[in-house]
Amino acid sequence: MNYEELLECAEKASQNAYVPYSKFSVGACVLCESGKTYTGCNFENASYGLTICAERNAVGTAIANGERKIKAVAIFSPNMQNCTPCGACRQVLSEFKSDSGLDVITKCADGIRVHSIDELLPETFVL
Ligand code: THU
């Protein structure tokens with residue numbers, strides 16, 4: 001699947017976001033080394049801190065399906081504001097980056113951008 005198709009899947013996933021509090025929908029789609037893709041959306045809670053971001057939801061689904069290596073993640077927000085992953089999601093994505101790295105593709109008002117996870121989170125915490 002190419003990056004434009006990956007973004008289309010992220011866009012579709014954003015339509016299922018549960019965002020009664022922020023009204024900020026996000027969709028994510030991860031591409032794994034197996035070639036399979038998994039989507040996620042953000043879902044919020046009346047206890048705000050329990051909110052789960054779209055990226056971590058997608059990673060969790062990939063892991064639950066036996067994946068361990070992620071090659072890319074596409075992230076989409078319909079309001080087209082900046083939708084680069086938050087710090088927590090960067091750390092979680094980093095844990096599962098493939099040996100050839102992990103590309104982060106975002107589609108915002110200023111167009112499509114591709115960053116590597118290493119650019120977005122240098123000196124990742126590892127044990
Ligand atoms: N959000 C994500 O889904 N991903 C991010 O990387 C940043 C923030 C969500 C969480 C919350 O539901 C909404 O965006 C506003 O913060």
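How many nonpolar, polar and charged residues make up the shell around the ligand? The shell divides into six nonpolar, three polar and two charged residues, with Ala, Val, Leu, Ile, Met, Phe, Trp, Tyr, Cys and Pro taken as nonpolar, Asp, Glu, Lys and Arg as charged, and the others, Gly among them, as polar. This is a predicted model, where local features need pLDDT of at least 70, side-chain atom pairs count only at pLDDT 80 or more, and totals for chains, interfaces and linings use all residues. Numbering runs from 1 along each chain as its sequence is written, and side-chain values use heavy atoms, leaving out hydrogens and water.

**View 1. Who surrounds the ligand.** Here you'll find S22, F24, V26, N42, E44, T51, C53, A54, E55, P85 and C86 around the ligand (each has a heavy atom within 4 Å of it).

**View 2. Polar contacts of the ligand.** These are pairs of N or O atoms within 3.5 Å. In the side chain of E44, an N or O atom is 2.5 Å from a ligand oxygen. E55 puts a polar side-chain atom 2.8 Å from a ligand nitrogen. At C86 it's a polar backbone atom, 2.9 Å from an oxygen atom of the ligand.

How values were computed: Polar contact = N/O pair within 3.5 Å; in protein donor to acceptor, adjacent residues only side chain to side chain.
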